[in-house]
Structures are given as structure tokens and as C-alpha cells.
Amino acid sequence: MRWWLWRDRGYDPKRLIVHHAGFAFEGWPKPRLDDQADIMRCVMLIINEIDSWHLKKWPSGFGYHYVIGNGNGIPEGMIVQIRPDEKIGVNAKYHNHDSLGILMVGNYQVDKIVPDLQYRSLMKLCANLCIKYHLDPRANYEGRHSGKVQMGPMISGHRDWPEHRTNECPGISLYQTLPSLRGEVSKLVLMANQLPPDQTNLAKPMDLEISVLRV
Ligand SMILES: [Zn+2]
């Protein structure tokens, strides 16, 4: 990845876009879960592979902000941040300027089940980002870019956006979970907003373990 080409956004992200890798990485090295160095070695194999796909298409490389493991290579439910939130990603053409891209490892056009821990991490990550950036998980996003009105769910799948309707991403089985995901995220955000009165009224993001890859 060529992090020196990542551009600053200059304002907070305004929507979340969920993707799948279209590839399950079956048979890729699985780390020993008690060995942090081994975990990071296996994580880097996957990250570098996806980076190489992206480098063929655009110069800045790895286009998503977050990756969530499915248990092949990246442990199931592990959240890894690649691009910082404040950098513009490359995750959906015409929609990169104000979005964060979240990649679920797997091929959910083929695989029927989204692993439980992976789904839960997606839910918690979306909740944290909604709290942090004051996004309503059930709301519709409405924006304008290059003279065009853009409308879609605040927590969307890649194919929700007009120029990407023919794209399979994030795969049928993951896409079908998004309505209930929005409901679950909404509950988590509501809970975070009900902090005891002696605390600040501002909701705080939940404790969430995110491995940040320094590139
Ligand atoms: Zn996608």
C-alpha cells in the first residue's frame, strides 16, 4: 500500500459502506491464537493480497478503512484498521469522499452464513463509528456529489449506491443481514446514549479492540 498517496478528508465521515472480499481465503495459514506475532503474520498475508488486487486498479493501494476477519488468516471477528478514518478511501467510486469502507473477509455471494463473531464485530464497529461521528444508524444518507443527488442507507452495502447496483458486493447473504444489523446497531447506540447522569451526556464509543496496522 502506498500510504503517502492517501489524502486527508478534512471533515468527519458521513456514512458507512459494507463490502465483502468476494474471496473466503480458505486454506490460507491460520495463526496460533495465543501468538500475537503469528496472528499479525497471517493478517499481513491477507492484507498484502488485497493490497495487490487494489494496486492493479489504483495507485494508492488498499482502499478500505477496516477489515473484519472470517477466521481464515485473520481470526474470526478480529477488526483491523488500515486506512485511518481521516483519510479518503477507495471503496465505491463517486462515494469515497465522505464514506468509510468496511471489508468483511469472505464470499457472501456463495457462503450462506456470516460467521457469528464476524457479524458481531461488524455490529460493534458500526455502532462505535455511528457514536463517534453522530450518525443515525436507521437514517438515510442524503448528499450531493459532482452535481448528483446521492441517497441511500447510512449503513449501506456497496450495491446500495446507484452507480454500483449491478455489483454483487457485499454478497447476497451479508446484504440480507443489513436491515437487522441497522436495528442492532441502533440499540447499541441507544444504550450508549443512556449513560448514568453523572457522566457526560455525550455518548462514548464502546471499548472495542481494533488492531491498527501501522504502514
Ligand atoms: Zn464492495
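What follows is a chat between a biologist and a modeller about how the labels on this predicted model are earned.

Biologist: Before we start, what are the ground rules here?

Modeller: This is a predicted model, where local features need pLDDT of at least 70, side-chain atom pairs count only at pLDDT 80 or more, and totals for chains, interfaces and linings use all residues. Residues are numbered from 1 along each chain as its sequence is written.

Biologist: Fine. What makes S1 and S4 a pair?

Modeller: Strands are DSSP runs of E with at least two residues, helices are runs of H or I with at least four, and both are numbered from the N terminus. Two strands pair if DSSP finds at least two bridges between them. Strand S1 (residues 15–20) and strand S4 (residues 99–104) have six bridges, in the parallel sense, so they pass that test. Along them, Val18 stands opposite Ile102, and His19 opposite Leu103.

Biologist: And how do you know that S1 and S7 pair?

Modeller: Three bridges join them, and they run parallel. One of the partnerships is Val18 with Gly157 in S7.

Biologist: What is the order of strands in the open sheet?

Modeller: The six strands go S7-S1-S4-S2-S3-S8, with mixed pairing. Strand S7 (155–157) and strand S8 (210–212) are called edge strands because each pairs on one side only. Ignoring direction, neighbouring strands are turned by 25° against each other on average.

Biologist: What makes S1 a mostly covered strand?

Modeller: A residue is buried if 20 or more other C-beta atoms, placed from the backbone, lie within 10 Å of its own; it is exposed at 12 or fewer, and partly exposed in between. In S1, six of its six residues come out buried. That holds for both faces: Arg15, Ile17 and His19 on one side, Leu16, Val18 and His20 on the other.

Biologist: Why is Arg83 called buried?

Modeller: Arg83 has 24 other C-beta atoms within 10 Å, and the cut-off is 20 or more, so it counts as buried. You'll find Arg83 in the loop between S3 and S4. Leaving out residues up to four places away in sequence, Arg83 touches Trp6, Phe62, Tyr64, His65 and Gly89; touching means C-beta atoms, placed from the backbone, within 7 Å. The C-alpha atoms of Arg83 and Val212 are separated by 8.8 Å, with their positions 129 residues apart along the chain.

Biologist: What about Tyr94: why is it called partly exposed?

Modeller: Tyr94 has 13 other C-beta atoms within 10 Å. Exposed would need 12 or fewer and buried 20 or more, so Tyr94 falls in between. Tyr94 also sits in the loop between S3 and S4, and its phi is near 75°, a positive value in a residue other than glycine.

Biologist: And what makes His134 exposed?

Modeller: His134 has 11 C-beta neighbours inside 10 Å, and 12 or fewer is the rule for exposed, so the label fits. His134 lies in the loop between H2 and strand S5 (140–145), and has a positive phi of about 55° although it is not a glycine.

Biologist: Where do H2 and H3 sit on the sheet?

Modeller: Helix H2 (residues 116–133) lies across S1, S2, S3, S4 and S7, at about 170° to S4. Helix H3 (residues 172–193) touches S1, S4 and S7, and its direction makes about 175° with that of S7. Those angles run from 0 to 180 degrees between N-to-C directions, using lines fitted to C-alpha atoms, for helices over the stretch in contact.

Biologist: Why are H2 and H3 called oblique to each other?

Modeller: They pack at an angle of about 50°, with their axes 9 Å apart. Under 35 degrees would be roughly parallel, over 145 roughly antiparallel, 65 to 115 roughly perpendicular, and the rest oblique. At about 50°, H2 and H3 are therefore oblique.

Biologist: Which residues meet there?

Modeller: Among them are Leu122, Met123 and Cys126 in H2, and Leu181, Val185 and Leu188 in H3. By class, the contact has 12 nonpolar, one polar and one charged residues. Here Ala, Val, Leu, Ile, Met, Phe, Trp, Tyr, Cys and Pro count as nonpolar, Asp, Glu, Lys and Arg as charged, and the others, Gly among them, as polar.

Definitions and conventions:
Contact = placed C-beta atoms within 7 Å.
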